[in-house]
Amino acid sequence: MNTPIPPTTGDSASTPLGGTQGKVLAQFLGMQYVDRLPEPSPPRDPVRGDFDRIAGSWGRQFLTVPIGGDSTHVIVATADPLNVEAIDQLRVCYERPIKVLVTSPDEVTKAINSIRTSLMSDRSNNLANSDSKEDGEDLSNQLKIDVTDSDDDDAPIIRYVNAIIFKASSERASDVHIEPFEDRLKVRFRVDGVLHDVASEDRSFQAAIISRVKVMSGLNIAEKRLPQDGRIGLKIAGKDVDIRVSTVPTQFGERIVMRLLDKSGAVLDIAQLGIDEKNLNLMVKLLQKPNGIVLVTGPTGSGKTTTLYACLTNINKPDLNILTVEDPIEYQLDGVGQMQVNPKIDFTFASGLRAILRQDPDVVMVGEIRDGETAEIAIQASLTGHLVLSTLHTNDSAGAVTRLVDMGVEPFLVSSSLLAVLAQRLVRRLCKHCKVPGEITDEEIRELGMDPSTITSRQIFRPGTSNCPHCQGNGYSGRLGIHEILVIDDEVRGQILQRLDSNSIRQSAIRRGFLSLRMDGAKKVFAGHTSVEEVILASHEDVIN
């Protein structure tokens, strides 16, 4: 018996129950019901059958999976305790006594996803750490890594690429870099904004690996001289992941960058963005305005699009017609009409925005204001009774004002249409498991733009130095935003009309109580969320004359 035989789906099959019904059924059958399962650590050595399938497609189908045990017994979680055949099948596979826990279908699915993540991570580590990949036979003997949980991905290169993608997803990587060099092919992950090496492969695998990625993303594998862009849609451990693929030709072959977008992990609640309470209340009020422009600024990868999505979610109601034009559409928003630009057919932000205005919108989101034409149309839209949300690439909030003027928009149009500019950066969050208390120095306080004599409590936290398993010894786990909001009030409008530079506008705002990026970062340092180094690195110095 090589694989578990699925139970029949005849009269003995039943419907999984959860909640109160599940508890009542478990009590009736004399079984234990648990609301939340512990972290699964099942025995991976069934006497018969394939553990991959037991904890994969078979487990998902019958909502029954082993979650613990040892050489003497196996603990099984099920959402369908009436399906005796499924439980008996596991007893046959392990040839050990079975203890059954009854739980909800969601808890069983979470357990299966956790087991799959552990399996894939272990196996992709084996692939990445293998020192002998000089011949195809050795690579072929590696354990199968199957991102999509299908049974036909047998080629070693397919398994290798799947392993890299799965490892990236499990390590929360935002980008995967596959970079050819003269004698090696390097794989790097960007985790929490920092790149680090993951694997280094022999050049003999370069063509096959790159071709596999191009096939997955629908790119032309024969075209190696021009940059190409594509997309991969995958389900990894039960999560929908969208991967944007970019290839460019280099001296030693094509270079690939894959950006991973976890659709299920998007922050779509404005209260979860980490915005200061005062600024959050201000932002919520701005989003209730019937017309005007609200801009979000920051460098690439600073979370601008996530912030815009959170803003749209906050105001998304049945009585509002919300339309967007994006490049690309990163997350689907229920009840929002989303369009994706396509330069190949001359469907740009400007042309898309013109079309949107003929669709009777109340709120318009433009993915990015890249040129004067788009800026002009956005401003005209705001002046004709629409709330417009968009992004702009500038260093700070005050810079967005002068950038619009530099694009050719008349200052009086900017001053009359712009409501506010939110600037943001992402800083790494201290690992809560290994961060260590410390004391901030006078020099660090000055670097944060504060006077040491005004600081009463000097305790902060710094990244841990131990080999913490939760953050892989980095001292950081995850990221949070630091923000500043420049509200376009009467004084700022006057400065715009006078064509003052961004530094003058910024200094004036600081003197009037404006909370800058570095100031907001300093608050998060003293709250123990991040480190001084992260804030200084992410924000520029505030100078007040």
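**Close-up 1. The six-stranded open sheet of this predicted model.** In this sheet the strands follow the order E7-E6-E5-E10-E9-E8, and their pairing is antiparallel. Strand E7 (194-202) and strand E8 (228-236) stand at the edges and have a single partner strand each, so one side of each is left without a neighbour in the sheet. Averaged over the sheet and with direction ignored, neighbouring strands are turned by 20° against each other. One of the pairings joins E8 to strand E9 (residues 239-250), where nine bridges link the two strands in the antiparallel sense, and within this part of the sheet Leu-234 has Val-241 of E9 as its bridge partner.

**Close-up 2. Helices H7 and H8 packed on the six-stranded sheet.** Helix H7, which spans residues 156-170, touches strand E5 (173-180), strand E6 (184-191), E7, E8, E9 and strand E10 (253-262), and its direction makes about 25° with that of E6. Helix H8, formed by residues 206-216, also packs on the sheet, with contacts to E5, E6, E7, E8, E9 and E10, and its direction makes about 45° with that of E10.

**Close-up 3. The seven-stranded open sheet and helix H10.** The strands of this sheet are ordered E13-E12-E14-E15-E11-E16-E19, and the pairing is mixed. At its edges are E13 and strand E19 (476-487), each of which pairs on one side only, while the twist from one strand to the next averages 20°. Strand E11 (residues 292-297) and strand E15 (residues 387-392) run parallel and are joined by six bridges, and Ile-293 stands opposite Val-388 in E15. Helix H10 (residues 304-315) lies across E11, strand E12 (322-326), E13, strand E14 (363-366), E15 and strand E16 (418-430), and it runs at about 165° to E15.

**Close-up 4. The crossing of helices H9 and H10.** Helix H9 (residues 277-287) packs with H10 at an angle of about 65°, the two axes being 10 Å apart, and the crossing is right-handed. On the side of H9 the contact is made by Met-283, Val-284 and Leu-287, and on the side of H10 by Cys-311, Asn-314 and Ile-315. Sorted by class, the contact of H9 with H10 comprises five nonpolar residues, one polar residue and no charged residues.

**Close-up 5. Helix H17 and its surroundings.** Within helix H17 (residues 502-511), the residues Ile-505, Arg-506, Gln-507, Ser-508, Ala-509 and Ile-510 are buried, and the buried residues of this helix pack against helix H13 (397-406), E19, helix H16 (490-497) and helix H18 (517-526). At the start of H17, the backbone nitrogen of Asn-503 has a side-chain oxygen of Asp-501 within 3.0 Å. After the helix comes Gly-513, whose phi is positive, near 100°.

**Close-up 6. Two loop residues with positive phi, Leu-63 and Asp-346.** Leu-63, which is not a glycine, has a positive phi of about 50° and lies in the loop between helix H3 (57-62) and strand E2 (64-69). With a relative accessibility of 14%, Leu-63 counts as buried, because the cut-off for a buried residue is under 20%. Asp-346, also not a glycine, has a positive phi of about 65° and is found in the loop between strand E13 (337-340) and helix H11 (349-356). Asp-346 is exposed, its relative accessible area being 58%.

Key: Residues numbered from 1 in each chain as written. Predicted model: local features only at pLDDT ≥ 70, side-chain atom pairs only at ≥ 80, totals over all residues. Heavy atoms only, no water. Pairing = 2+ DSSP bridges. Helix = DSSP H or I, 4+ residues; strand = E, 2+ residues; numbered from the N terminus. Axes fitted to C-alpha atoms, helices over the stretch in contact; angles between N-to-C directions. Contact = heavy atoms within 4.5 Å. Buried < 20%, exposed > 50% of the residue type's maximum accessible area, 1.4 Å probe, protein only. Left-handed = near helix turned anticlockwise from the far one by under 90°. Nonpolar A, V, L, I, M, F, W, Y, C, P; charged D, E, K, R; others polar. Polar contact = N/O pair within 3.5 Å; in protein donor to acceptor, adjacent residues only side chain to side chain.
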